[in-house]
Amino acid sequence: MKMDSRLILALDETDVPKALHVLDEVCGIIDAVKINWPLILSAGPEIITTLSQKADVICDFKIADIPNTDRLIIEQSVKRGASGVIVHAFTGTDSLKECVSAAGGRDVFVVTEMSHPGGQEFTAKHAEEFAAMAAECGASGLIAPATRPERIKKIKESAPGLLILSPGVGAQGGSASNAVLNGADYVIVGRSIYGSSDPKDAAQKLADEIKALRF
Ligand code: XMP
């Protein structure tokens, strides 16, 4: 995945023509597009291939199963054009190792502490362990909460070599600058871009905000 704007679009728009229009508007700004069940269930899995012709596609299926099922899901995602997948860590080392193996060099991003308030109930208690396990299993990166930027820093300390992708900017209250200043390599933004009356302008403003931090 390229690292230019450090902005990843979460395209949870379920109106398919609108989703395609939003991506066309912003694909020159973003580094990748992340898709989740809302768009897949609306458009069908062939949307992975369609979008992959415009941008790198991260399939956010939050895969969390036995190793064999994880492998089957990831193989289908990759076959359709995914350049990365998002997986859960609580399933344990054998599942996570199988995810990395099945991805065959594509990126595997591992959920640590989730960005919503409920993320503090269970995931926060194990976030550092999840991060260390992800590094041990050969994952590319971690998902850590922009809603609690101080936690990004702690999670990164447990797996310093891994990329951090940070959702929770905008609609969930987090700030792109705070996330990046605390160690996020990329921010993931959904509603604040695809729900905006001017998605291109919204994406450009976020890209400019991150660029102003001067890497
Ligand atoms: P919004 O509209 O809130 O969209 O900008 C955020 C996107 O990111 C996903 N999301 C998460 N994914 N761990 C994840 O793996 C998280 O903690 C997390 N928080 C939000 C969400 O599903 C949406 O696609």
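**Exercise 1. Identify what covers the buried residues of helix H1 in this predicted model.**

Step 1. List the buried residues. In H1 (residues 16–26) they are Ala 19, Val 22, Leu 23 and Val 26.

Step 2. Place them around the axis. They span an arc of only 95°, so they sit on the same side of H1.

Step 3. Name the cover. Among the strands, it includes S1 (7–10) and S2 (32–35). Among the helices, it includes H2 (37–43), H3 (46–52), H9 (191–194) and H10 (199–211).

**Exercise 2. Describe the barrel and the pairing of its strands.**

Step 1. Trace the order. Eight strands form a closed barrel, S1-S2-S3-S4-S5-S6-S7-S8, and the pairing is parallel. From one strand to the next, the twist averages 25°.

Step 2. Take the pair S3 and S4. Strand S3 (residues 57–63) joins S4 in the parallel sense through three bridges. Cys 59 has Val 85 of S4 as its bridge partner.

Step 3. Take the pair S6 and S7. S6 (residues 141–143) and S7 (residues 163–167) run parallel and are joined by three bridges. Opposite Leu 142 stands Ile 164 in S7.

**Exercise 3. Decide whether the faces of S4 are covered or open, and find the helix that lies across this strand.**

Step 1. Recall the rule. Side chains in a regular strand alternate between the two faces of the sheet.

Step 2. Sort the residues. Gly 84 and Ile 86 belong to one side of S4, Val 85 and Val 87 to the other. All four are buried, and both faces of S4 are covered.

Step 3. Find the helix. H5 (residues 93–103) lies across S4 (84–87) and S5 (107–111). Its angle to S5 is about 155°.

**Exercise 4. Locate Arg 6 and Lys 62, which have positive phi, and classify their exposure.**

Step 1. Start with Arg 6. Its phi is near 65°, positive in a residue other than glycine. Arg 6 is in the segment before S1. Its relative accessibility is 12%, under the 20% cut-off, so Arg 6 counts as buried.

Step 2. Turn to Lys 62. This residue is not a glycine either, yet its phi is about 40°. Lys 62 is in strand S3. A relative accessible area of 27% makes Lys 62 partly exposed.

**Exercise 5. Summarise the annotated domain and the confidence of the prediction.**

Step 1. Read the record. An unreviewed UniProt entry lists residues 6–206 as "domain: Orotidine 5'-phosphate decarboxylase".

Step 2. Describe that range. Residues 6–206 are 45% helix and 18% strand. The end C-alpha atoms are 9 Å apart.

Step 3. Check confidence. The protein chain has a mean pLDDT of 97, and 100% of its residues reach 70 or more. For the complex, the predictor gives an ipTM of 0.97 and a pTM of 0.97.

Technical notes: Residues are numbered from 1 along each chain as its sequence is written. This is a predicted model: local features need pLDDT of at least 70, side-chain atom pairs count only at pLDDT 80 or more; totals for chains, interfaces and linings use all residues. Side-chain values use heavy atoms; hydrogens and water are left out. Two strands pair if DSSP finds at least two bridges between them. Helices (H or I, at least four residues) and strands (E, at least two) are DSSP runs, numbered from the N terminus. Axes are lines fitted to C-alpha atoms, for helices over the stretch in contact, and angles run from 0 to 180 degrees between N-to-C directions. Contact means heavy atoms within 4.5 Å. pLDDT is the predictor's confidence in each residue, from 0 to 100. Buried means under 20% relative accessible area, exposed over 50%, partly exposed in between (1.4 Å probe, protein chains only). The arc is that of the directions from the helix axis to the C-beta atoms. UniProt positions are given in the numbering used here, feature names are shortened, and annotations may be inferred rather than shown by experiment.
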